Amino acid sequence: MQVKETLNEGLKRGYQFTLPAADLAAEVDRQLAEAQPNVEMKGFRKGKVPMALLKKQYGPRVLGDAMQKSIDDAIRTHLDDTKARPAMQPKVEMEGGESWKEGDDVVVNISYENLPEIPAADLSGLTLERLTVRAEDAAVTEALENLAKNAQSFDDKAEGEAAANGDQVTIDFKGFVDGEAFEGGEAQAYPLVLGSGSFIPGFEEQLVGAKAGDAVKVNVTFPENYGAPNLKGKDALFETTVHSVKSPKAAELDDELAKRFGADSLDALKGQIRDRLEAEYKGASRAIMKRALLDQLDERVKFDLPSSLVDAEAAQIAHQLYHEEHPDDHGHDHGHIEATDEHRTLAERRVRLGLLLAEIGQKNDVTISDQEMTQAVLQQARQFPGQEKAFFEFIQQNPQAQQQLRAPIFEDKVVDYIFEQANVTDRDVTKEELEQAVEKLDEI
């Protein structure tokens, strides 16, 4: 096969491959001759079918297979010989298309962008700050009190006492739109905590002040983004009967509360809460330090980027942000979403840092163990209760899904490796200062 370079501009490469018709015909003859001893055809003994008949019967299919194999082999050999590293799958176009006929040379044009040469980064010159926070007794007590609130019970209020926010009312209700009852708008003996936001806006507020035995007509309007299309924006009347009014009673901070949450004692529960809080603080601190690291790397290391990767990433960002801004649009029939300059700037940063971290990880033998991968699969499987086995099988059979799990693990391990090489200083801060630093991450 003849190869001619047609494009060499920056990272972009183009080549024309010409497969002579004679070579293609020889490959077809070779494959047919190889298959001939095993071919059976009516009127002939096994292995005695004439070559001319074989070529007439199977030639077109074998020709297509031989053409595809020759092109694939030529591209693979070219990439190996040139040590090219395409950023994405090479684009392959056959000249002539449907007008090509047997006996013509096969001319194929391929194009791709190479991955860039990535300059070495001086990791020892990086200076980072790690924010450290201790779980203070006040924070542990606050968390305990929240647990007690979540474990609260409700006691009947005095007869005739009105319901207030935070109270639990037990109600029957039936909803009507345009005078007609609608499906799903009725329940009996429903326990509702006023102020919880469990019902549509305006419903719970109209029950504040109600007493046991009251019949209340609740008038509300369904939100425009309501899940049921037939109720969006509709005015509704709920005929509601209040059976009981109860006030909340927080659980006592004692060993019994601890046992309800799986701890042996209140002191043991406090220890678990302290460990959990400090783990959360560490996670937040790591996110802040990682952002600072990526900012420094982005400023220090510059190299040309494959436009194909940047375009793909910008399109992904634009698509993701569209759905974040339009949470009710769950489909993909929204048409083309044009990436903005802001999207492209963010895409360039992501592509640059992704390539850089991959290069650092590869050069420093950062790997993911089978145990780490299994742990990641287990964590994901927990999100599909009852379908864990199916999820495991899906991951095993889907290399792309495996890569989606592997990528963030690899990135975190590379980041941890860089942390070890950098100059890191610790600074004690309050929980409030840490929270402010985390909020700033969303502002950048």
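This is a short tour of one protein chain, from its overall form to its nonpolar cores. Keep in mind that the model is predicted.

Start with the fold elements. The chain has 11 helices and 11 strands. Now the overall form. The radius of gyration is 34 Å, while the globule rule gives 22 Å for 444 residues, so this chain is more spread out than a compact globule. Along the principal axes, the C-alpha trace spans about 100 × 65 × 45 Å.

Next, burial and surface. Of the 444 residues, 34% are buried. The chain exposes about 27800 Å². Carbon and sulfur atoms supply 47% of that area.

Charges next. We count 51 positive and 84 negative. Their mean positions lie 7 Å apart.

What about contacts along the sequence? Take the pairs at least 6 residues apart. Of those contacts, 67% join residues at least 24 apart.

Now the interior. The largest nonpolar core has 30 residues. Which members touch the most others? They are Leu123, Leu126, Leu293, Leu297, Leu355, Ile360 and Ile418. Four helices each supply at least two residues of this core: α5 (266–300), α6 (307–325), α7 (341–363) and α10 (399–421). Which helix gives the most? That is α7, with seven residues.

Look at Leu355 up close. Setting aside neighbours within four places in sequence, Leu355 contacts Leu115, Pro116 and Ile118. Its other partners are Phe303, Leu305, Pro306 and Leu309.

There is also a second core, separate from that one. This second core holds 23 residues, among them Phe203, Leu207, Val218 and Phe238.

Technical notes:
Residues numbered from 1 in each chain as written. Predicted model: local features only at pLDDT ≥ 70, side-chain atom pairs only at ≥ 80, totals over all residues. Heavy atoms only, no water. Rg over C-alpha atoms; globule rule 2.2 N^0.38 Å. Buried < 20%, exposed > 50% of the residue type's maximum accessible area, 1.4 Å probe, protein only. Contact = heavy atoms within 4.5 Å. Areas by Shrake-Rupley, 256 points an atom, 1.4 Å probe, with all protein chains shown as cover. Lys, Arg positive; Asp, Glu negative; His and termini not counted. Charge placed at Lys NZ, Arg CZ, Asp CG, Glu CD. Core = buried A, V, L, I, M, F, W, Y, C linked by side-chain atoms within 4.5 Å.
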